[in-house]
Amino acid sequence: MRTTTKQQAQYRAALKIAVFAAEQIFGAGRGAEKMDYAVNYLREKGFDVDSREIDATVKELFNWDDVLSIDTSEE
């Protein structure tokens, strides 16, 4: 079944909320518990969940390479 642009945006927003919430609740480490939380959160919201999408979102949201390359020096 194809999804609309609006449905895709809603899923993406819910996915980000699930990932950030899991990070806040469980903190560093505890990856399996955070994954379970995110999957359950999304299923409760009625979304069909793919753990690979959650992994990709985690990598996107917490891309430390980008953070470390930001120039914070003042000119």
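Guide: A residue counts as buried under 20% relative accessible area, as exposed over 50%, and as partly exposed in between. Please keep in mind, as we go through the cases, that this is a predicted model.

Visitor: How does Arg-30 count, with a relative accessible area of 43%?

Guide: Because its 43% lies between those two cut-offs, Arg-30 is partly exposed. Arg-30 sits in the loop between H1 and helix H2, which covers residues 31-44, and it has a positive phi of about 55° although it is not a glycine.

Visitor: And Thr-57, is it buried or exposed?

Guide: The relative accessibility of Thr-57 is 0%, so this residue counts as buried. Thr-57 belongs to helix H3, and, once its neighbours within four places in sequence are set aside, it is in contact with Arg-12, Leu-15, Lys-16 and Val-19. With one of these, Arg-12, there is also a polar contact from side chain to side chain, at 3.1 Å.

Visitor: How are helices H1 and H3 placed relative to each other?

Guide: Angles of 65 to 115 degrees count as roughly perpendicular. Helix H1 (residues 5-26) and helix H3 (residues 51-61) pack at an angle of about 70°, their axes being 10 Å apart, and the two helices are therefore roughly perpendicular to each other.

Visitor: Which residues make the contact between H1 and H3?

Guide: On the H1 side they are Tyr-11, Arg-12, Leu-15, Lys-16, Val-19 and Phe-20, while H3 brings Glu-53, Ile-54, Thr-57, Val-58, Glu-60 and Leu-61. Sorted by class, this contact has 7 nonpolar, 1 polar and 4 charged residues.

Definitions and conventions:
Residues are numbered from 1 along each chain as its sequence is written. This is a predicted model: local features need pLDDT of at least 70, side-chain atom pairs count only at pLDDT 80 or more; totals for chains, interfaces and linings use all residues. Side-chain values use heavy atoms; hydrogens and water are left out. Axes are lines fitted to C-alpha atoms, for helices over the stretch in contact, and angles run from 0 to 180 degrees between N-to-C directions. Helices (H or I, at least four residues) and strands (E, at least two) are DSSP runs, numbered from the N terminus. Angles under 35 degrees count as roughly parallel, over 145 as roughly antiparallel, 65 to 115 as roughly perpendicular and the rest as oblique. Contact means heavy atoms within 4.5 Å. Ala, Val, Leu, Ile, Met, Phe, Trp, Tyr, Cys and Pro count as nonpolar, Asp, Glu, Lys and Arg as charged, and the others, Gly among them, as polar. Buried means under 20% relative accessible area, exposed over 50%, partly exposed in between (1.4 Å probe, protein chains only). A polar contact is a pair of N or O atoms within 3.5 Å; within protein, one must be able to donate a hydrogen and the other to accept it, and residues adjacent in sequence count only if both atoms are side-chain atoms.
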